[in-house]
Amino acid sequence: MTSYPPPGDALPADVDDEVLAQIALSRDEYERACEMLGRAPTDVELGMIGALWSEHCGYKHSRPLFHHFPTEDERILTNLGEENAGAIDIGDGWVAVMKIESHNHPSAIEPYEGAATGVGGIVRDIFAMGAQPIALLDSLRFGPLEDRRNRRLCTGVVAGIGGYGNCLGIPTVGGELVVGESYSGNPLVNAMCLGIAPHGSLISATAGPPGTQLMIVGADTGRDGLHGATFASVELDEASAERRPAVQVGNPFLEKSLMDACVGLVRDHRDWLEGLQDCGAAGITSSTVEMAERARSGIRIQTRHVPRRESGMTPYEVMLSESQERMIAAVKPEHVADVEAWFEHWGLHAEVIGEVTDDGIARVFDGEAEVAAAPVSVMTSPPAYTPQAERDSDARARADWDPGSLLDLDPADANDVLLRLLASPNIASKRWVYRQYDHMVGTNTVVTPGSDAAVLRIRGLRQGLAVCTDGPGRAVELDPYAGAARAVAEAARNVACTGARPVAVTDCLNFANPERAAIYFQLSESIRGMANACRAFGTPVVSGNASLYNESEDGPVTPTPVVGMLGIISDVTRAVRMAFRDDGDEIWLLGSGFEQRVSSLGGSEYLSVIQGREAGPVEIDLEAEAALIDALVEASEAGLLKSAHDCSDGGLAVAISESAIAGDIGVEVEIDAISRLDAALFGEAGARAVVSAEPGTDLSLIGTRIGVVRGDRIQLGPIDLPLDEASDAWESALPRLLD
Amino acid sequence: MRFAVLVFPGTWSDWDCVHALEDLGQTAERVWHRETALDSYDGVILPGGFSYGDHLRCGAIARFSPVMSALERFAASGKPVFGSCNGFQILCEAGLLPGVLQRNASMQFRCQPQRLSVERSDTGFTNTCESGQIVQLPVSHGEGQYFAPSEVLDELEDAGRVLFRYHGNNPNGSLRDIAGIMNPMGNVLGMMPHPERASDELLGGTDGNYIWRSIIEHWG
């Protein structure tokens, strides 16, 4: 770590490739840094620049694409990327705050702690704004669960999310678990958090005017997580296991105290503070430098004042440690003692480690010695790249394949096909997962996990919030534009099924190495697809995270943009669930009817599980999707719907079966003459939902009446199965694989 | 009635208990664990959570909190003390109730609705129930497997101090399906399930109100 030229050299002298590799900085980027500084950086500066310019912190490949996203409307209170999370006005003096973030690489190496600290990080993003976290969601991707290693990752990640989240007293109310071959070496673990706060009470992550005191509070700083931001920005390989020190260890009890203390501090004594920020990736470096950037100021940090849990730490290690459960408070000088006493009540120690200056320079001291003095503007100006984009020829060929070249489903096989689909991990009940998460604490979870979206009430308000995540990776791989638009559409449909109007999106972009043309094509087209879908639904993107370089020796992961959707339901007591309810209720199919083109099988679970093909066209009709959302919201506001469930993975047959299983009641649905049985039952044409209503309710303006809730069998065209058999296939699939 | 809802670092069902009691027209105040007087209250609730992060053992550190000696005096005075989840664990660690709560037999956290049988209706905590009634309350814990030596279990059974048993399925492997027990004086109840999560029709059930109403009926 000592081979750097001394500061002041006009030209970059030799720097070891190994040193640059450790911080994932290219030689070009190193030279850019030298040029901007007018000299070679010191080793602390180089470490700080490396972290801040990493893909994880600097969004080098994704930032130039963000302008596609719609980011504003009258509800949105924050500018994309400027705060720790996005804030949405939900009416009656309240705001919702939300963000989703990845913790993929740490979870690949150390599933329990990787997933646990992923939860910890996203929760801090929410309470750093002064909001009370009220719900967590987790979007997970693993390789096939028949493989022992994937099972270990899955059980470890789920235990880690529960182990951390349950301890915080924040309900984990939703998410996804999807299995696919490409995730074997590189699972995806995305955590989303939703918080609420009274309007006007949020606090910014700014440093404030010169003289403001910077205090660190929470955990002592150790060597854990060194180079975590860098680790998140390179592909996984054989040596990755040696990166285990880059994985942090979580202490949820400390986080709980820190959360209660910070939320209370902002609520009761916001006037003591200029800003509040969490120490996430790149630790004290990114938190303080980014705060200074927002305040257009400089900072001075004294590393000797940072409380440590290990002896002999260098200033470099102190500045780049990613120890968890730490916050930086920018405190008015006259209130330093007050803030100290406030945290003391919670058994937490707050210590002044620096102050805000007016020279625009980030200065780091080790006692008397100045070990870094670089302009904040340099540290926060990573390069931006727009590489060549080219569609992968194999993906194109697979997308061009015509599902009509397959023989239609033999009606005699329909029962068996439905049972196999219900037992597919991507469709099967996720109870095995969510029963390990406390999803009820806070006594606000009106619709619990297992329906299309979770619904939360806010005490004292008539309206409620609906939230879900969706990320149909297989469709994105076949057609990044349409697939990513479908991710937004499915998420919007899911919240609309509860009766909520979709209002805002947070997204996590999980892609492989964007320096390759095929991957950059996936990334850029996905962003375009998501952006257009968000425009069609009036759901701006308020926050998000890009996780690139998701590759292992087995190759790149399936491109997986995950959409977290927030909806507002006008009367929370009217929230609609997935389950059919009463004998005699009539079943309606909203959107297009039974007759579906064979192309709707493209990218479907049916093709994957039954035909062993991940191919075919991916279609999206944004107008039809928007019309369906309107229909669902209006019908449920009028009190017409007794259940609603969207048609997605597994198509109509699976949607009807899931509503029947959840309601523990059978169905009788007849199917008229149709051209393709496989497409009618298992095609995944969008813009459709299965709802039920009191007999006599007329929904003919928005759908077709297809049958009735009755008995204890699933009777659907050629399908005729005892409900118990379907239920057992659906419920027992994950326990059978994972217990 | 005026209830104290004890809050230790890591407690998280405190607000849920406050809301459930307030919704029934009672007064409920959150009381920080450093308080040393509880005399002004008519009842004390020990809510769920992970006091001190379950470090060492669930409830093992909370029992040394300053408020605990006041709690012991309060319990000795005959006024009602109710602990659920981590509150039950703390009552056991503090010796106010016998036995211990171990890791669930599944070795996994369990959060789910749970049916319970009410074993007796002639107590301060169950007088609004029928004996043998089945109620549904959520469970949410990783360490709820009730364990005690068989002579202690026999003593509990003989004295009619087992108030709730898991019905239909046992979510944690508790011995003799025990879900909630009472002290000999009949004024301290500990149970793993969460009545405060079943106190609102909007959340799918109000069976928890049987317990709150019984307390109010008997001591109010």
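**A hairpin, a mixed sheet and a chain contact**

Okay, let's start with a hairpin: strand 14 and strand 15 of chain A make one, with 6 residues between them, and G460(A) in the turn has a positive phi of about 90°. Before I go on, please keep in mind that this is a predicted model.

Staying with that hairpin, strand 14 covers residues 454–457 of chain A and runs antiparallel to strand 15 of chain A, with 4 bridges joining the two. If you want a pair to click on, R457(A) has G464(A) in strand 15 of chain A as its bridge partner. Strand 15 of chain A also pairs with strand 20 of chain A, residues 560–569, through 7 bridges, again antiparallel. On that side, L465(A) is bridged to I568(A) in strand 20 of chain A.

What about the faces of strand 15 of chain A: which residues point which way? G464(A), A466(A), C468(A) and D470(A) go one way, L465(A), V467(A) and T469(A) go the other, and all of them are buried. Put as a count, 7 of the 7 residues of strand 15 of chain A, residues 464–470, are buried.

Zooming out for a second, chain A is divided into domain 1, residues 204–384, and domain 2, residues 393–738. Taken over C-alpha atoms, the centres of domain 1 and domain 2 of chain A are 41 Å apart.

Next up is the sheet. Seven strands of chain A, in the order 22-24-21-25-23-26-27, form an open sheet with mixed pairing. Its edges are strand 22 and strand 27 (719–722) of chain A, each pairing on one side only. On average, neighbouring strands in this sheet are turned by 20° against each other, direction ignored.

Let me walk in from the strand 22 edge. Strand 22 of chain A pairs with strand 24 of chain A over 4 bridges in the antiparallel sense. In that pairing, H645(A) stands opposite V690(A) of strand 24 of chain A. Is strand 22 of chain A covered on one face or both? Both: S643(A) and H645(A) are buried on one side, and A644(A) and D646(A) are buried on the other. Further along, strand 21 of chain A runs antiparallel to strand 25 of chain A, residues 703–709, and 5 bridges join them. There, E586(A) sits opposite V708(A) in strand 25 of chain A.

Now the helices on this sheet. Helix 21 of chain A lies across strand 21, strand 22 and strand 24 of chain A, at about 150° to strand 21 of chain A. Over towards the other edge, helix 24 of chain A, residues 723–738, lies across strand 26 (713–716) and strand 27 of chain A, at about 80° to strand 27 of chain A.

Helix 21 of chain A is worth a longer look. Its 16 residues, 622–637, should span 22 Å at 1.5 Å a residue, and the end C-alpha atoms are indeed 22 Å apart. Its buried residues are L622(A), E625(A), L628(A), I629(A), A631(A), L632(A), V633(A), A635(A) and S636(A). Remember that an α-helix has 3.6 residues a turn, so residues three or four places apart point the same way. And what do the buried residues of helix 21 of chain A pack against? The list includes strand 21, strand 22 and strand 24 from the sheet, and also helix 18 (480–497), strand 16 (501–510) and helix 19 (517–537) of chain A. After helix 21 of chain A comes G639(A), with a positive phi near 75°.

Helix 22 of chain A, residues 651–663, passes the length check too: 13 residues should span 18 Å, and the end C-alpha atoms are 19 Å apart, which agrees. As for burial, 13 of the 13 residues of helix 22 of chain A are buried. D664(A) follows helix 22 of chain A, with a positive phi near 55°.

Last stop, the contact between the chains. Chain A gives 22 residues and chain B gives 23. On the chain A side, the elements with two or more residues in the contact are helix 7 (148–168) and helix 9 (252–269) of chain A. Helix 9 of chain A gives the largest share, 4 residues. The chain A side divides into 8 nonpolar, 10 polar and 4 charged residues.

That's it from me. Happy to rotate the model if anyone wants another view.

How values were computed: Residues numbered from 1 in each chain as written. Chains lettered and ligands numbered in written order. Predicted model: local features only at pLDDT ≥ 70, side-chain atom pairs only at ≥ 80, totals over all residues. Expected span 1.5 Å × (residues − 1). Buried ≥ 20, exposed ≤ 12 C-beta atoms within 10 Å, placed from the backbone. Contact = placed C-beta atoms within 7 Å. Nonpolar A, V, L, I, M, F, W, Y, C, P; charged D, E, K, R; others polar. Pairing = 2+ DSSP bridges. Axes fitted to C-alpha atoms, helices over the stretch in contact; angles between N-to-C directions. Domains from an automatic or database assignment.
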